[in-house]
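Here are my notes after a first pass through this one. Have the viewer open while you read, and tell me where you disagree.

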Amino acid sequence: MPYQPGPEIAPNLITTVIFDLGNVLLDWNTEQVLASLKLPNSDLQLLRDELFGHQDWLDMDHGKVAETTVAGGVSARTGLPMSVIVAALDAAKQSLLPIPASVELMREIHDRGFELICLSNMSRETYAHIKHLDFFKLFAGIIISGHEGCMKPDEAIFQLTLQRFNLSPNKTLFVDDSLPNILKAQQLGISTYHFKRTDRCYAGIRQILT
């Protein structure tokens, strides 16, 4: 079930909505990315384990390591050609397409006067690829982990977001698909909605913001 605001938080006081990107506003499905590469299953498993499922991926999101360095490391560990690693990274970026229902919701609540903030775990290189998308114009502020050197669910990136944009936790709704991120936000007194990409989910967010 989606997480609703706690009893100490009055939803009708919310003035700001913080949106995650992957699986909230943008498609993100590792298996679909891998399937698009048309590689032998053995190579796909190596990419699954040594690229998308490896600590290196999190380190890119954390801003600790550059994409080119990660690609070289994956190639060295797996024996896969650099061209294959680069193709996988490019396919991952290309897969990040806007989710129409989410963008519609975002535009709706923006037009109703809510302030919108982006808070996403994402590498610098991936953000550079998608930052031109039209819906980014609706954000009053953007926090990308790869640029900040901290990432969800660490408290530091939530505190950074609140402080940088002068947000009151009890006037803020955080929408994310990751339960650990949701739980950390709740600990800080932020109202949350655990995003599931269903009609019920979209209706629930609209209900909170009525």
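What volume does the largest pocket have? Keep in mind throughout that this is a predicted model.

1. The pocket. Its volume comes to about 460 Å³. The lining takes in 24 residues, and Gly-22, Trp-28, Trp-57, Asp-61 and Asn-121 are the ones closest to the centre. Start with those five if you want to find the spot on screen.

2. Who builds the pocket. Two elements give two or more residues to the lining: helix H3 (55-62) and helix H5 (82-94). H3 gives the most, with four residues. By character, the lining residues divide into nine nonpolar, eight polar and seven charged.

3. The main core. As background, nonpolar side chains tend to be buried together in soluble globular proteins. Here the largest nonpolar core has 34 residues, and Phe-19, Leu-21 and Phe-135 have the most contacts inside it. Strands S1 (16-19), S2 (115-120) and S4 (172-176) each give two or more residues to this core, as do helices H6 (100-111), H7 (124-130) and H11 (199-208).

4. Leu-21 up close. Which residues does Leu-21 touch once its neighbours within four places in sequence are left aside? Its contacts are Leu-26, Cys-118, Ser-120, Met-122, Ile-130, Phe-135, Phe-136 and Ile-144.

5. A second core. Apart from the largest core lies another, of 20 residues. Leu-51, Trp-57, Val-74 and Leu-80 are among them. Trp-57 is worth a second look, as this residue also appears among those closest to the pocket centre.

6. Aromatic pairs, stacked. The count comes to nine aromatic pairs. Take Phe-135 and Phe-136: their ring centres are 4.7 Å apart with the planes at 20°, and since planes under 30 degrees apart count as stacked, this pair is stacked. Both Phe-135 and Phe-136 are buried. They also belong to one aromatic cluster with Tyr-127 and Phe-139.

7. Aromatic pairs, edge-to-face. Why is the pair of Phe-158 and Phe-174 called edge-to-face? The ring centres are 5.3 Å apart and the planes stand at 85°, while the cut-off for edge-to-face is over 60 degrees. This pair links distant parts of the chain, with Phe-158 in helix H9 (residues 155-164) and Phe-174 in strand S4, 16 residues apart. Phe-158 is buried at a relative accessible area of 2%, and Phe-174 counts as buried at 1%.

Notes:
Residues are numbered from 1 along each chain as its sequence is written. This is a predicted model: local features need pLDDT of at least 70, side-chain atom pairs count only at pLDDT 80 or more; totals for chains, interfaces and linings use all residues. Side-chain values use heavy atoms; hydrogens and water are left out. On a 1 Å grid over the protein atoms alone, a cavity is a set of points where a 1.4 Å probe fits but cannot get out, and a pocket is an open set with protein on both sides within 12 Å along at least five of seven lines; lining residues have an atom within 4 Å of a point. Grid points are joined across faces, edges and corners, and a volume is the space filled by probe spheres set on the points. Ala, Val, Leu, Ile, Met, Phe, Trp, Tyr, Cys and Pro count as nonpolar, Asp, Glu, Lys and Arg as charged, and the others, Gly among them, as polar. A nonpolar core is a set of buried Ala, Val, Leu, Ile, Met, Phe, Trp, Tyr and Cys residues joined through side-chain atoms within 4.5 Å. Buried means under 20% relative accessible area, exposed over 50%, partly exposed in between (1.4 Å probe, protein chains only). Contact means heavy atoms within 4.5 Å. Rings of Phe, Tyr and Trp (its six-membered ring) pair if their centres lie within 6.5 Å; planes under 30 degrees apart count as stacked, over 60 as edge-to-face and the rest as tilted.
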